[in-house]
Amino acid sequence: MIALRIPAIGAAALCALIAGCTVGPNYKRPSAPSAPAFKETAPPPSIPNGSWKQAQPSDQVLRGKWWEIYSDPQLNALEEKIAISNQTLKAATEQYFAARAAVQVARAAYYPTLSAGPSISRQHLSQNRPVSIPSSLSQYNDFVLAGQASWEPDLWGQVRRSVESARASAQASAADLANVELSVRSELAQDYFELRGLDLQKQLLDNTVISYTDSLNLTKTRFKGGVATDSDVALAETQLKSTQAQDIDVDVARAQFEHAIATLIGEPASTFSLTQAPLNLPLPQVPPGLPSELLERRPDVAGMERRADAANAQIGVAISAYYPNVTLTGTGGFESKNPGTWIQGPSALWSLGASASELIFDAGRRHAVTEQARDNYEVTVANYRQSVLSAFQEVEDNLAALRILNDESVTQAEAVAAAERSLRISTVRYKQGLDDYLVVLTAQTVLLTNQRTQADITTRQFAANVLLIKALGGGWDTTKLPNL
């Protein structure tokens, strides 16, 4: 290291001359793949253009409390508890606060450090010391009140790049917080609709048990009248007991979803319960908007983009190590041997100084650190572009799921209607003695299977609807990133 002492005034002039120099590349948002429109919003080939209405972007539907589009008061009440009690969200909030504090830590390097304090001592010097003067004092008091100032002017932009990196990292943390909140809230909505879907199946099975009980009683009556056989009674009883077992089994999965909801809202599973309420809500339509908007509406994508900015700034921090460090120092205060003359003009002391140091040889360390920073930046760019691709995939997946499930729901409703008609015909023919009970049992099984499939499709539609909202960012956009 080579140190060079220069006058303080000259150092200040040098600082003013080149204070605007900031080394390292300026950040530009990396390019990312996009598309003019989502594939799943285009009219299918089998539908004429005149009968297909393109979905129009309607951001106001998803702004703020997006879960309210389902118009379910119970869901709304549960979602309100997320911000208060969810521990995962609290942890993410504290991580953001820590990242925000790191910005203040980096900014502090813009300013000089100041320290001050008194010092009181009584000293006794050796009379046999090499530089001792016979008439000099060997024992005396020393009262000092002094302050020190030290400042490294940001000549090469190291501090500016550090602040830029910390700010971008804090914004990435804020995006992470938004993404955690979106994930937790969407998970709650999914679990809620899964539970309500099970309530729908529970209601279906309860009604079926009542119907099968009536069928068993009818078969017993016909057996007593000599019209039916004991085998018919056994089949009817088997059908009833099997359905009752399915009815009970639904409670296992329902309890698990109920416990999951309790954990999400920060309540012990032992003290939380939800009354049964079948899923019979209308499915809301969620306009996907344009693919280009997705980069602004997804918090995870925004977080990756902010990390690329932070990594780019670190390149400038690494490059600044090639330039000399300049330090300005100053000391001032009072010193006296007597307390009575401690704080007086003649007791004043001060000094000003400046130093510059340049690292001449480091065996390639700075070069390696700079290359490492550039490579880390390329990593964040690749991660950002991959997050964009994943975002497009998730939107397309759920748009496709909703489209296909809608078609499947229409077809399944027709299957249920046909199964109901088949059961009615079979029951009438059984009562008239034209068919045996096995035909009725088969029709009952087919109807129950199709009804449960229909309920499952409804549940999957709501789950895909929630996932689509999550994939679109849940109404969030980059304007909500803090301006630190």
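**Entry 1: α4 and α5**

I looked up the handedness of the pair α4 and α5 and found a left-handed crossing. The model I am reading is a predicted one. I then took the geometry of this pair: the axes of α4 and helix α5 (residues 230-264) come within 8 Å, and the crossing angle is roughly 165 degrees. Angles over 145 degrees count as roughly antiparallel, so I entered α4 and α5 as roughly antiparallel to each other. For the contact of α4 with α5 I noted the residue classes: 19 nonpolar, seven polar and 15 charged.

**Entry 2: α4 and α9**

I went on to helix α9 (residues 437-471), whose axis comes within 9 Å of the axis of α4. I read a crossing angle of roughly 170 degrees for the two. That is why I list α4 and α9 as roughly antiparallel to each other. The contact of α4 with α9 holds 14 nonpolar, 12 polar and four charged residues. I checked the handedness as well: α4 passes α9 in a right-handed crossing.

**Entry 3: the second largest pocket**

I looked up the second largest pocket and recorded a volume of about 370 Å³. I find 20 residues in its lining. Which of them lie nearest the centre of the pocket? I noted Ala178, Glu181, Leu182, Trp476 and Lys480. By class, I have 12 nonpolar, four polar and four charged residues in the lining of this pocket.

Which helix gives the largest share of the lining? I traced that share to helix α4 (residues 158-224), which contributes seven residues. I had α4 in both earlier entries, in its pairings with α5 and with α9.

**Entry 4: α2 and α3**

I turned to helix α2 (residues 73-85) and helix α3 (residues 87-107), which pack at an angle of about 45 degrees. Their axes are 7 Å apart. The angle makes α2 oblique to α3. I entered the crossing of α2 and α3 as right-handed.

Which residues make this contact? On the α2 side I listed Ile82, Ala83, Ile84 and Ser85; on the α3 side I listed Gln87, Leu89 and Lys90. I sorted the residues of the contact of α2 with α3 by class and got four nonpolar, two polar and one charged.

Notes
Residues are numbered from 1 along each chain as its sequence is written. This is a predicted model: local features need pLDDT of at least 70, side-chain atom pairs count only at pLDDT 80 or more; totals for chains, interfaces and linings use all residues. Side-chain values use heavy atoms; hydrogens and water are left out. Axes are lines fitted to C-alpha atoms, for helices over the stretch in contact, and angles run from 0 to 180 degrees between N-to-C directions. Helices (H or I, at least four residues) and strands (E, at least two) are DSSP runs, numbered from the N terminus. Angles under 35 degrees count as roughly parallel, over 145 as roughly antiparallel, 65 to 115 as roughly perpendicular and the rest as oblique. A crossing is left-handed if the near helix is turned anticlockwise from the far one by less than a right angle, and right-handed if clockwise. Contact means heavy atoms within 4.5 Å. Ala, Val, Leu, Ile, Met, Phe, Trp, Tyr, Cys and Pro count as nonpolar, Asp, Glu, Lys and Arg as charged, and the others, Gly among them, as polar. On a 1 Å grid over the protein atoms alone, a cavity is a set of points where a 1.4 Å probe fits but cannot get out, and a pocket is an open set with protein on both sides within 12 Å along at least five of seven lines; lining residues have an atom within 4 Å of a point. Grid points are joined across faces, edges and corners, and a volume is the space filled by probe spheres set on the points.
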